[in-house]
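User: I would like to learn how to read the ligand and metal sites of a model, taking one feature at a time.

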Amino acid sequence: MGSRAKQDAEFLCMGIEGTAEKLGVGIVSDSGEILVNRVKHMKLAEGIHPSEAAQHHAAHLPSLVRQALEEAGLEMRELSLIAFSRGPGLGPCLRVAAVAARTLALKHRLPLLGVNHCVAHIEIGRLTTGAEDPLTVYVSGGNTQVTAFAKGRYRVFGETIDIALGNCIDQFARELGLGMPGGPAVEKLAKKGSYLPLPYVVKGMDLSYSGLLTAALRLAEKESLADVCFSLQETAFAMLVEVAERALVQAEKREVLLAGGVGVNVRLQEMLGEMCSEQGAELLVPPAEVLGDNGAMIAWLGVLSYLAGARQRLEETQVRQRWRTDEVDVLWR
Ligand code: AMP
Ligand code: MG
């Protein structure tokens with residue numbers, strides 16, 4: 001990354017991410033070079049209030065765009081496309097990113113594409129790890145999904161039926177005053193813990209984390225925090241690995257790609273890695289900067305979509321709060 005002159009005929013896309021509490025601006029070229037990837041984390045004392053997060057994004061977007069251009073040594077007129085995450089996500093946050101992207105596109109006469117946030121996680125993972133045709137395990141604060149490419153779309157093999165894995169860990173940590181986001185604190189405490197039984201809920205190929213959260217909070221009233229953190233991680237991750245293993249076999253894939261902020265968890269990587277070696281598959285973990293929400297992933301999906309022929313008129317760029325991964329036609333594969 002860093003400043004360099006734009007090359008002739010190079011196609012450069014600016015991606016704007018703002019589905020939840022993180023705001024991201026990234027610029028990626030058609031060769032897959034990430035020129036810049038700036039993320040601004042909103043400070044959270046508790047859960048995410050959508051309107052406060054939207055205010056945060058509105059306040060910081062102009063300077064983040066400016067910083068990204070400066071870092072890349074580019075001017076707006078050198079860009080070829082603006083992409084933004086159209087959904088799924090929190091309505092007020094999505095609308096701020098969408099309005100900013102539309103404004104930039106109109107002002108600088110650039111084409112505009114609203115892209116799917118979950119598909120962007122998959123594609124930046126493929127770009128940065130070289131995974132060709134993976135089963136993707138996407139685990140974040142707002143999403144928990146196991147997907148694989150089949151017949152023109154990323155099909156959902158399993159997903160949470162209530163709260164996301166990251167949300168389960170965050171709510172647990174918040175209730176116990178461990179700070180936000182909760183993942184790093186829980187992972188650290190878990191290192192010194194040992195196992196206590198907690199409800200393990202897999203329904204068909206789907207996962208349920210809300211009962212586990214309640215049970216873990218109850219257990220924390222009488223047991224050591226380290227033991228509960230360890231047991232929460234072991235149970236939640238084992239459920240996910242079980243679903244991923246069955247999906248891997250069903251979808252006949254040879255690669256497992258991690259995506260989403262929970263993916264930095266070393267214990268989760270270990271558990272998935274063990275399953276992969278038993279199945280003769282390879283686990284691929286993208287660098288931390290692109291695991292969590294970021295603008296480069298939106299820019300890269302913008303590049304892929306646009307060069308595959310996707311076009312949107314301004315009035316076709318409304319946000320979609322509940323846009324499912326398997327509703328997107330994957331034109332570039
Ligand atoms: P994302 O929504 O993809 O940006 O990821 C944010 C989520 O990742 C939050 O729920 C965090 O608690 C979670 N997270 C971050 N670091 C860790 C970690 N070390 N272990 C587990 N979860 C984590
Ligand atoms: Mg995400």
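**Reading the two sites**

Analyst: One polar contact (a pair of N or O atoms within 3.5 Å) joins an oxygen atom of ligand 1 to a polar backbone atom of G141 at 3.1 Å. This is a predicted model, in which local features need pLDDT of at least 70 and side-chain atom pairs count only at pLDDT 80 or more, while totals for chains, interfaces and linings use all residues. Residues are numbered from 1 along each chain, chains are lettered from A and ligands numbered from 1 as written, and side-chain values use heavy atoms, with hydrogens and water left out.

User: Which side chains have an N or O atom paired with an atom of ligand 1?

Analyst: The side chain of K22 places an N or O atom 2.4 Å from an oxygen atom of ligand 1, and that of N265 places one 2.9 Å from a nitrogen atom of the ligand. Taken alone, ligand 1 exposes 510 Å², of which the protein buries 91% (areas by the Shrake-Rupley method with a 1.4 Å probe).

User: Which protein donors does the magnesium ion (ligand 2) have?

Analyst: Donors are N, O and S atoms within 2.8 Å of the metal (3.2 Å for Na, K and Ca), and sites may look incomplete because water is not among the atoms. Here they are H117 (NE2), H121 (NE2), Y138 (OH) and D293 (OD), at 2.1 to 2.6 Å from the ion. Since H121 lies in helix α3 (residues 117-129) and Y138 in strand β6 (residues 135-139), the pair ties together parts 17 residues apart in sequence; helices (H or I, at least four residues) and strands (E, at least two) are DSSP runs, numbered from the N terminus.

Terms used:
A polar contact is a pair of N or O atoms within 3.5 Å; within protein, one must be able to donate a hydrogen and the other to accept it, and residues adjacent in sequence count only if both atoms are side-chain atoms.
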